[in-house]
Amino acid sequence: MSRKLKPNDRRGLKLKKFDVVVVGAGTAGCLAAKTTAEAGLKVCLVERKRREEIGEKVCGDALGEHHLETLGLEKPKGGELEKRIEGIKIYSPDLKTVFAIAHEDFVGYLLNRHLFGQWLLRKALDSGAVLLDSTLCLSPTIEKGFVTGIIAKNQKTTEKIQLKGKVVLDASGFLAVIRHKLPEEMGIEREIKNEDVEACYREIRQLKQETNDTNYCEIYLDQKVTPGGYMWIFPKGGARVNVGLGVCMWKGFPNPKKQFYEHILKKPLFQGSLLLSGGAWYDPTRRPLDNMVGNGVAILGDAACLVNPIHGGGIGPSMLSGYLAGKTVEEALENGDVSKRSLWPYNVRYMETYGIKQATLDVFRMLLLTSHNEDLSYGMKYKLMTEEDVLKAGLGKEFHLKITETAKRVFKGLRRIRFLNRLRLTVNFMRKVKAHYKNYPKAPETFEKWQMQTESLFKQTKSKVMDSRVEV
């Protein structure tokens with residue numbers, strides 16, 4: 001827990017005052033800064049990177065086109081969008097079955113991540129936000145139960161500064177520098193379990209020649225190589241690919257970079273390829289934080305675990321959270337009230353738009369975590385879930401299993417009938433979670449009861465779906 005700085009502790013610090021202080025100039029932070037600055041608020045965007053480095057991030061680089069449309073953003077035309085994608089292909093562990101998912105929600109782009117980040121930054125600055133780059137957020141300042149600003153350090157001069165803000169928005173990514181240092185009584189979850197995080201490693205590689213099909217992103221399931229995760233190959237155009245893998249940080253998980261070099265880079269596709277860039281990062285792949293607001297503070301993007309639990313995509317949800325938080329802050333300041341109750345609509349709006357889908361997919365993730373390659377391969381081969389089912393699951397829609405007698409005989413013969421039962425349970429729990437999240441509390445007064453029900457529901461899900469006794 002952070003030490004609450006008393007007024008005397010802050011004497012001598014250079015003081016700057018704003019309406020809104022946004023920590024982190026990533027996708028969530030830039031959208032929040034843009035949205036609040038457009039409303040005429042005085043906004044400070046704090047970023048530890050240098051201005052010219054903003055946007056550089058180890059990432060899958062994929063963005064669904066519908067996210068731009070939802071946020072009313074035009075398509076950038078300065079090289080930010082490197083490659084148009086028409087859908088995704090999902091490969092079974094034995095590589096014998098391929099699901100091709102083509103739908104408007106899966107149409108999008110592979111980004112030049114740096115240029116895209118710079119594009120979002122310009123939008124925030126053009127709207128009137130002030131950028132403090134090369135500035136490290138050290139801690140929030142808390143007075144009378146309200147977050148009232150931050151203490152930061154200029155990394156070039158090492159000078160400490162105090163930034164006062166009526167509202168502070170934590171968009172600092174996975175590190176969540178504000179969230180981790182909030183007092184417990186704020187009611188915001190501070191620590192994320194390792195089993196809800198994926199360790200990822202990714203490289204941008206120049207191939208000797210372009211692959212035959214460059215219009216689809218490819219996802220490969222293999223629980224031995226990528227336990228609890230998957231490998232991906234995303235085309236970027238010009239015979240360049242974004243290739244990487246993620247593994248769940250659960251039960252002695254393997255080193256993702258080691259897995260990459262031992263199992264992926266040895267594929268014929270990458271013979272003679274050239275490394276352009278590479279790196280590792282962490283993805284919180286779970287349901288959103290149950291609550292993302294407190295008095296004078298809101299949590300955005302990866303800091304709030306706003307990442308798709310199945311494919312790990314976080315750019316779209318992060319942008320959405322920045323916009324929704326910005327609109328909520330605008331309304332709260334108009335009313336002169338930045339209490340938890342006044343900021344609560346941000347929770348409600350996010351849960352209604354993306355949080356429901358994210359929570360239901362968290363249930364499906366639990367099934368994948370404890371499924372074996374043989375289960376997944378046979379399940380895809382015998383269409384226990386069809387392409388349409390996968391599409392509906394990805395869209396957060398309900399679907400019904402169509403388990404044939406042939407499939408039952410095959411799985412019974414393999415002594416894997418338990419997998420069929422777990423699949424049925426998974427679908428049932430996805431339905432229950434969706435119904436529960438539709439009743440997300442409209443005000444904080446009823447939140448405690450809802451959260452207790454949430455914890456009970458996910459505890460049941462884990463005990464039933466993540467069955468460690470599955471036969472090997």
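**Start in helix H7.** Select Tyr 350 and Tyr 354: both are buried. This is a predicted model. The two tyrosines lie in helix H7 (residues 345-369), four residues apart, or about one turn of the helix. Look at their rings. They form a tilted aromatic pair, with 6.2 Å from centre to centre and 45 degrees between the planes.

**Stay on H7 and pick Arg 349.** What does the side chain of Arg 349 meet in a salt bridge? The partner is Glu 331, at 2.9 Å from N to O. Glu 331 belongs to helix H5 (residues 315-334) and Arg 349 to helix H7, so this contact ties together parts 18 residues apart in sequence. Colour by accessibility here. Glu 331 is partly exposed at 32% relative accessible area. Arg 349 is partly exposed as well, at 26%.

**More salt bridges.** The whole count comes to 26. Select Arg 122 and Glu 80 next. Their closest N and O atoms are 3.7 Å apart, and they form a salt bridge. Arg 122 sits in helix H3 (residues 113-126), while Glu 80 is in the loop between helix H2 (65-70) and strand E4 (81-85), so the pair joins parts 42 residues apart in sequence. Is each end buried or exposed? Arg 122 is partly exposed, with 37% relative accessibility. Glu 80 is buried, at 4%.

Now go to Arg 287 and Asp 290. Their side chains meet in a salt bridge of 3.2 Å, N to O. Both Arg 287 and Asp 290 are buried.

For a network, select Asp 61, Glu 82, Arg 202, Lys 236 and Arg 240 together. Salt bridges link these five residues.

**Aromatic pairs.** A search of the whole structure gives 16 of them. Pick Trp 232 and Trp 281. The ring centres are 6.1 Å apart and the planes stand at 65 degrees, so this pair is edge-to-face. Trp 232 is in strand E14 (residues 230-237) and Trp 281 in strand E16 (residues 274-284); the pair links distant parts of the chain, 49 residues apart. Trp 232 and Trp 281 are both buried.

Then select Trp 344, Tyr 437, Tyr 440, Phe 447 and Trp 450. They make up one aromatic cluster.

**Charges over rings.** Show Lys 432 and Phe 429. The charged end of Lys 432 sits over the Phe 429 ring, 5.0 Å from its centre. Another such contact involves Lys 42, whose charged end is over the ring of Phe 18, 5.3 Å from the centre.

**Move to strand E1.** Select residues 14-23 for E1, then residues 160-170 for strand E11. The two strands pair in the parallel sense over nine bridges. Leu 15 stands opposite Gln 162 in E11. Add strand E2 (residues 43-46), which pairs with E1 in the parallel sense over four bridges. Which residue in E2 is the bridge partner of Val 22? It is Leu 45. Trace the chain from E1 through helix H1 (residues 27-38) to E2: this β-α-β crossover is right-handed.

**Finish with the cysteines.** How many disulfides are there? The count comes to zero. Select Cys 30 and Cys 44. The Cys 44 sulfur is the closest cysteine sulfur to that of Cys 30, but at 12 Å it is too far for a bond. Cys 30 is buried, at 1% relative accessibility. Last, select Cys 248 and Cys 200. Cys 248 is in no disulfide, and its nearest cysteine sulfur, in Cys 200, is 10 Å away. Cys 248 is buried, with 4% relative accessible area.

Technical notes
Residues are numbered from 1 along each chain as its sequence is written. This is a predicted model: local features need pLDDT of at least 70, side-chain atom pairs count only at pLDDT 80 or more; totals for chains, interfaces and linings use all residues. Side-chain values use heavy atoms; hydrogens and water are left out. Two strands pair if DSSP finds at least two bridges between them. A crossover is right-handed if, with the strands pointing away from the viewer, the path from the first strand over the helix to the second runs clockwise. Rings of Phe, Tyr and Trp (its six-membered ring) pair if their centres lie within 6.5 Å; planes under 30 degrees apart count as stacked, over 60 as edge-to-face and the rest as tilted. Buried means under 20% relative accessible area, exposed over 50%, partly exposed in between (1.4 Å probe, protein chains only). A charge sits over a ring if NZ of Lys or CZ of Arg is within 6 Å of the ring centre and within 35 degrees of the ring normal. A disulfide is a pair of cysteine sulfur atoms within 2.5 Å. A salt bridge is a side-chain nitrogen of Lys or Arg within 4 Å of a carboxyl oxygen of Asp or Glu.
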